[in-house]
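Okay, thanks for coming, everyone. I'll just walk you through a few spots I looked at, so let me put the sequence and the structure up.

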Amino acid sequence: MLPAAAVLLVVLLLTWLSFGAVNTEAELFDRALGALDELAMTEQTLQRDVLTARAGMLRNYDPLVREMQVLDNTFARLRRSAPDDPATAAAIDGLAASISHQEDLIEQFKSNNALLQNSLAYFALFSSNLESPGRSEPLGPVVGPLAAAMLRLSLDASSANAREVEDRLDELARRPRSPDDADLTQALLAHGRLLHDLLPATDGILKALSAVPQRRNQEEVRTGVLAQQAASRVTARRFRLMLYATSLLLLGLLVYLALQLRKWARALRRRAAFEHVIASVSMRFINAQPQKTGALIEQALADMAECVGADRAYFLLAGPSNRMHTWSGPGMTFPPGWPTQAPALMAGTQLTAEGIVHVPSVNCLPHGEERDAYAAFGLAGWACVSNIDGKGVSGLLGFDALQGSCYITPPGELSLLRMALDTINNAIEREFFERERARLQQARRMETIGAFASGIAHNFNNIIGAILGYTEIVEAQIEPDSRPGRNLGEIRRSGERARDLVDQILTFGRRGNLRRTHLNLNALVAEAKSLLHASLPSRIELVASEAAETVIISGELAQLQQVILNLCNNAAQAIDATGRVEIETQALQIGQPLSLTHGELAPGRYAKISVRDGGRGMDDATIERIFEPFFTTRPDGHGLGLATVREIVREHGGALDVWSTVGLGSRFEVWLPCITVTDLMPNDDPPSLPLGHGETVLLVTDEHGRLLKDEETLAALGYEPVGFTRPDDALGACRTTLARFDAIVIGHAPAARALDLAAALNRLAPYLPIVLAMASAEDFDTSSLTAAGVFERVRYPLSSAELAGALARCLAVPVTQPRYADNAMSAHG
């Protein structure tokens, strides 16, 4: 009976303290404060919508009605949840009067503002009609200042602005007008005088609204609620302190019982966790690809070490192919000679019945050579297991404890170490068999590719040669600017691309002959960059830094471009989200043989192309296989991109260097032999572009994004671009500041609209040359271009070389007569 009575007494005591610790009025106070916050937010929203309605941007008054309803409902909730003390009640009554006064003012505002906005709309309509140039007697000189004065009055309803509007209205009333304008003028005067009265009245209502003392009343209510809330919290806090002291006494008793239960369950939980880790490791090995086995072994070591409480873990395999995988905790390192000396240390240690070395604590060993041997490698505890199979291959799995002791304790748990070792050994055997099978499959695939390349290249080249030959014959008989001529040009370019594709197949099969030319490395990268801008995803930023000096290499343009394209595309595919791909070029002099990850370089001068990304990166196993044909880590990959890169670089006498870290990204370096600039013919250098000297070019393009790119192109060519996306704005600029511009470029736009704009600009400025840029190859007869004043025509998107030449030719003509399109069709159709 005594224990039951004690339990009942404790339950009653805790119940009483719990009820006292609960602040039952807290929810009521929170609701009152929440209502005050909502009241303040609703008032702010109401003030904002009133100002929005005054500005004419509110389509109807439904938001004001809803907000007034919310204000009334929120105030009703506040009255129900507020404390009953007299001070708070008086503040709530004052708040109710303020809300009622505010509602009256808003109703007045709604009436006045509706009439105000209507009159403003009609005033704008009538004033614009009277200002139109088509009127027999335009009233623009009077209506324009009246509209400006009305705008100032709508922004500032001061007495001075009101007098100005009244004077302008009187001036318009005195102005003689034609019978056609009489009605419009009368209507404009009526709405203007109405606005003259409504604007100050409406703004007066807004000032009265801002003067309503709601905020002061709300703060008085809030002060009363907070005072009552603080008092209730003090009482609840006292009960909680008493409840806390009682709980501590009960907690001491429960901790004592929990420690006993923990001691019993610890061993069972540790064994079950270790069994679960071994099972999960086995499942990962079963479903893993061979190239990921090494990473999975290291992950398995980390999982097992965490389970057994070790600071370091390792796996050694001795045999035809030695392997070692290690793991260490944060801040932990392996001393020199460890764990390679683990088999020798194990040989001199007494084994358990299961053939396992287990040293729970080195400090518990007697002083001597054995203890010194453990201490030399920083061991505080050690568990190790090994086995030797029929082929003489020995595997060893070990765990080191550097702090405290290794938590694997007999009996029963040590047998799991051998199970873990067998799991890793089986995974390595499976990896070996899979790699051997893949090697044989690869050999068969390479044999197939070689036969395929040699079998089809000759026939394909004959077919493509016939297509290109007949195309050239027909092109000689057709005008190049005609539609059939342009179509034949597309056929010829497609045939050339097909010929390049056959060359790539031959390159991969090592059967093609290089057509070497002298190539400028910076120009090569720039051209590849322009191709990549069209193919890379928009989330990838491409950054290219050129070599500071001229670097010339000998090679085939298409193949070396393919190297850069393949590397950059692989880099972009390695970036999961947004990121950047960097291309860097430089020339280096090597004084002694240099060994790279994929090739050797003799002393000499080399061009280096680096492609860097911040993507997923690769582990060592993947890096070893990335250049194997048909090896890929992507489900949709074909495994030929990097293999082709390696073959092309080798054919050009170069080498590759690869660096990658998982999670940090990769860097691929292509090293190619350089040739000196003095060995080149003078015509090998690309011609320089004719640059401008700060001339101002009026640029019109129909999209803002394209406009920015075109402005950058003009600025890079030495011109000062002034861009517009709307034709009306361009015409206005040309009309007001004609002397500012030296030339006009009309960018991407529909053909008819572009010609109309060119004609309009030519009428305003017949002495300014006009360059027309069009994306499509539409036919334009010379008379249409001449009528529109087009001097030159270029392709769109703008090419720096083509645009520079066109502008140079335009500006070279003296401006003594209007310019016409005599050569607009000569070479740019």
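Strands β13 and β14 run antiparallel, joined by seven bridges. For this one, β13 is residues 655–661 and β14 is residues 665–675. And just so it's said early, this is a predicted model. If you want a pair to click on, take S660, whose bridge partner in β14 is S666. The two strands form a hairpin with three residues between them, and there G663 takes a positive phi near 90°.

Now stay on β14 for a moment. What else does β14 run antiparallel to, with eight bridges? That's β12, residues 604–613. Look at K608 there: its bridge partner in β14 is W671. Then there's β8, residues 552–555, which also pairs with β14 in the antiparallel sense, over two bridges. I552 is the one to find here, and its bridge partner in β14 is I675.

So is β14 mostly covered or mostly open? Mostly covered: eight of its eleven residues are buried. As a general reminder while you rotate the view, side chains in a regular strand alternate between the two faces of the sheet.

Okay, cavities next. How many of 30 Å³ or more does the structure hold? Three, and the largest has a volume of about 80 Å³. Twelve residues line that largest one, and the closest to its centre are V700, P727, A749, R753 and L757. Helix α20, residues 751–764, gives the most to the lining, with three residues.

Let's go out to the surface. There's a nonpolar patch of about 920 Å², and the residues making it are Y244, L248, L251, L253, L254, V255, Y256, L257 and L259. Let me pick L259, which lies in helix α8, residues 214–287. Why do I call L259 partly exposed? Because its relative accessible area is 48%, and partly exposed runs between 20% and 50%.

Last stop, N129, in helix α4, which is residues 86–131. N129 also counts as partly exposed, because its relative accessibility is 28%. Now find T185 as well. How far apart are N129 and T185, in sequence and in space? In sequence it's 56 residues, and in space it's 9.8 Å, C-alpha to C-alpha.

That's my tour. Shout if you'd like me to go back to any of the views.

Technical notes: Residues numbered from 1 in each chain as written. Predicted model: local features only at pLDDT ≥ 70, side-chain atom pairs only at ≥ 80, totals over all residues. Heavy atoms only, no water. Patch = residues over 30% accessible without salt bridge, like charges linked within 9 Å, V, L, I, M, F, W, Y side chains within 5 Å. Areas by Shrake-Rupley, 256 points an atom, 1.4 Å probe, with all protein chains shown as cover. Salt bridge = Lys/Arg side-chain N within 4 Å of Asp/Glu carboxyl O. Helix = DSSP H or I, 4+ residues; strand = E, 2+ residues; numbered from the N terminus. Buried < 20%, exposed > 50% of the residue type's maximum accessible area, 1.4 Å probe, protein only. Pairing = 2+ DSSP bridges. 1 Å grid on protein atoms, 1.4 Å probe; cavity = no way out; pocket = protein on both sides within 12 Å on 5 of 7 lines; lining within 4 Å. Points joined across faces, edges and corners; volume = space filled by probe spheres on them.
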